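Trainee: I've got a new model open and could use a guided tour. Mind if I throw some questions at you?

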Amino acid sequence: MKVWTVANQKGGVGKTTTTVSLAGLLAGRGDRVLVVDLDPHGSLTVYFGLDPDTVEPSVYTLFQRAASGTRTPLASCLRRTRSERIALLPASSALVSLDRQLGAQTGMGLVLGQALMQWRAAFDHVLIDCPPTLGILMVNALAACDRLIVPVQTEFLALKGLERLLHTLAMIRRSRPVRADMLIVPTMYDRRTRASQQCLQTLHEQHGDALWPRAIPADNKVREAAQQGRPVTELFPYARASLAYAHLLHYLETGVDSDRHPYGEALPTDLSAAAPLLPDVEPLALDQARPATRPPERLAVNEDSDPRPWPTLGSIPITAAPHPLEITA
Ligand SMILES: Nc1ncnc2c1ncn2[C@@H]1O[C@H](COP(=O)(O)OP(=O)(O)OP(=O)(O)O)[C@@H](O)[C@H]1O
Ligand SMILES: [Mg+2]
């Protein structure tokens, strides 16, 4: 089971969108995916049709359970979603007071990681969506993951958010090991604007080693998919943002950037949006990409040729999620 955390202390940079889009791609090729919402605002929870004000149990329950020894079964915290093969560990609004209530209690930094260990045979991938604030939830997410994905909106103010996150990481690393590799992912890139291009150039100059050599373009299909509560990669697999997210997944899994069409097909004539390789900016050095750790896998969406069965999780509650999944328990 791979655990990827999506974090940035700046709000509105594409954390939830990145979580949902990667989850959609992974599930579309048949992986069993768990998405975890650690944001008290519950955007990811809302995305999948649940209300953070009323959802129960939730991530909050995990912490209550760890702090007070209540015996809520872990699996009861997981929900089906309307997307095939994506399960959700929802956020409840109560998370907003977690730091005040339990922040000082020892052992609270590993609660999520320990829960995920229980589910390691049940999922191929876990994606954790973080709140834009530093606190016990972010510490849990960093401690639990083996990969840190940092979406950075390609505008000047977003660079400040990145600096804050790097500072936080350094601080956390002083007190506990964080084994995650970091990848910075430029988002909402608009090649027509000078601000987008300059921001990408700065990212390249200051963080070239950790920078994904492409960018997720600004694409209205992202908002359209969000309105329908579905991953853009599932609803519009050939939208510019979806193609870019497919390239990103390939890079995350192989460490190699490829000009091949991410779904393994012939290149369409206009892939420019998925590969905004800095027209007016110095091109990124693709050959400096990390070496492949394992052979590239062909990416495919909605491929059902090898659907793996749903995990045996005991009783996954069938809740208010609009289109319940068939889960083989
Ligand atoms: N590539 C994109 N193109 C167009 N709109 C996008 C793109 N990515 C995200 N958005 C939109 O930008 C807004 C913020 O995105 P998102 O919610 O993913 O950010 P976030 O970092 O999770 O925010 P928060 O910190 O508030 O949780 C949303 O309305 C989303 O639909
Ligand atoms: Mg969010």
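Mentor: Go ahead. One term before the sheet comes up: two strands pair if DSSP finds at least two bridges between them. And keep in mind that this is a predicted model.

Trainee: Let's start with an inventory. How many helices does the protein have, next to its seven strands?

Mentor: Buried residues make up 45% of the 329 residues. Of the contacts with a separation of 6 or more, 79% link residues 24 or more positions apart. As for elements, alongside the seven strands the count of helices is 11.

Trainee: Now the sheet. Which strands stand at its edges?

Mentor: The seven strands make an open sheet with mixed pairing, in the order β3-β4-β2-β5-β1-β6-β7. An edge strand has a single partner, so one of its sides is left without a neighbour in the sheet. That applies to β3 (79-80) and β7 (181-187).

Trainee: What about β5: which residue in it is the bridge partner of Asp37?

Mentor: β5 (125-129) is mostly covered, with four of its five residues buried. On one hand, β1 and β5 run parallel and are joined by five bridges, with Val3 partnered by Val126 in β5. On the other, β2 and β5 also pair in the parallel sense over five bridges. There, the bridge partner of Asp37 is Asp129.

Trainee: And β2's pairing with β4: which residue of β4 is the bridge partner of Leu34?

Mentor: β2 (residues 33-37) and β4 (residues 86-89) run parallel, joined by four bridges. Within β4, Leu34 is partnered by Ala87.

Trainee: Which strands does α1 touch where it packs on the sheet?

Mentor: The direction of α1 makes about 165° with that of β5. The strands that α1 touches are β1 (2-6), β2, β4, β5, β6 (147-153) and β7.

Trainee: How are α1 and α11 oriented to each other, roughly parallel or roughly perpendicular?

Mentor: Ser21, Leu22 and Leu25 of α1 meet Tyr245, Ala246 and Leu249 of α11. By class, that contact has five nonpolar, one polar and no charged residues. The axes of α1 and α11 (residues 240-254) come within 10 Å and cross at roughly 75°. Angles of 65 to 115 degrees count as perpendicular, so these two helices are roughly perpendicular.

Trainee: Same question for α7 and α8: roughly parallel or roughly perpendicular?

Mentor: Phe156, Ala158 and Leu159 in α7 meet Ala195, Cys199 and Thr202 in α8, and this contact divides into five nonpolar, one polar and no charged residues. α7 (residues 156-175) and α8 (residues 194-207) have axes 9 Å apart and pack at about 30°. Angles under 35 degrees count as parallel, so α7 and α8 are roughly parallel.

Trainee: On to α6. How many of its nine residues are buried?

Mentor: The buried residues of α6 pack against β1, α4 (98-102), α5 (111-118), β5, β6 and α7. Among those buried are Ile136, Met138 and Asn140. Helix α6 (residues 136-144) is mostly covered, and its buried count is nine.

Trainee: Last one, the ligand. Which residues come nearest to ligand 1?

Mentor: α1 (15-28) and α9 (220-227) each supply at least two residues of the shell. By class, the shell has eight nonpolar, seven polar and four charged residues. Of the 19 residues around ligand 1, the nearest are Gly11, Lys15, Thr16, Thr17 and Pro132.

Technical notes: Residues numbered from 1 in each chain as written. Chains lettered and ligands numbered in written order. Predicted model: local features only at pLDDT ≥ 70, side-chain atom pairs only at ≥ 80, totals over all residues. Near = placed C-beta within 6 Å. Nonpolar A, V, L, I, M, F, W, Y, C, P; charged D, E, K, R; others polar. Contact = placed C-beta atoms within 7 Å. Axes fitted to C-alpha atoms, helices over the stretch in contact; angles between N-to-C directions. Parallel < 35°, antiparallel > 145°, perpendicular 65-115°, else oblique. Buried ≥ 20, exposed ≤ 12 C-beta atoms within 10 Å, placed from the backbone.
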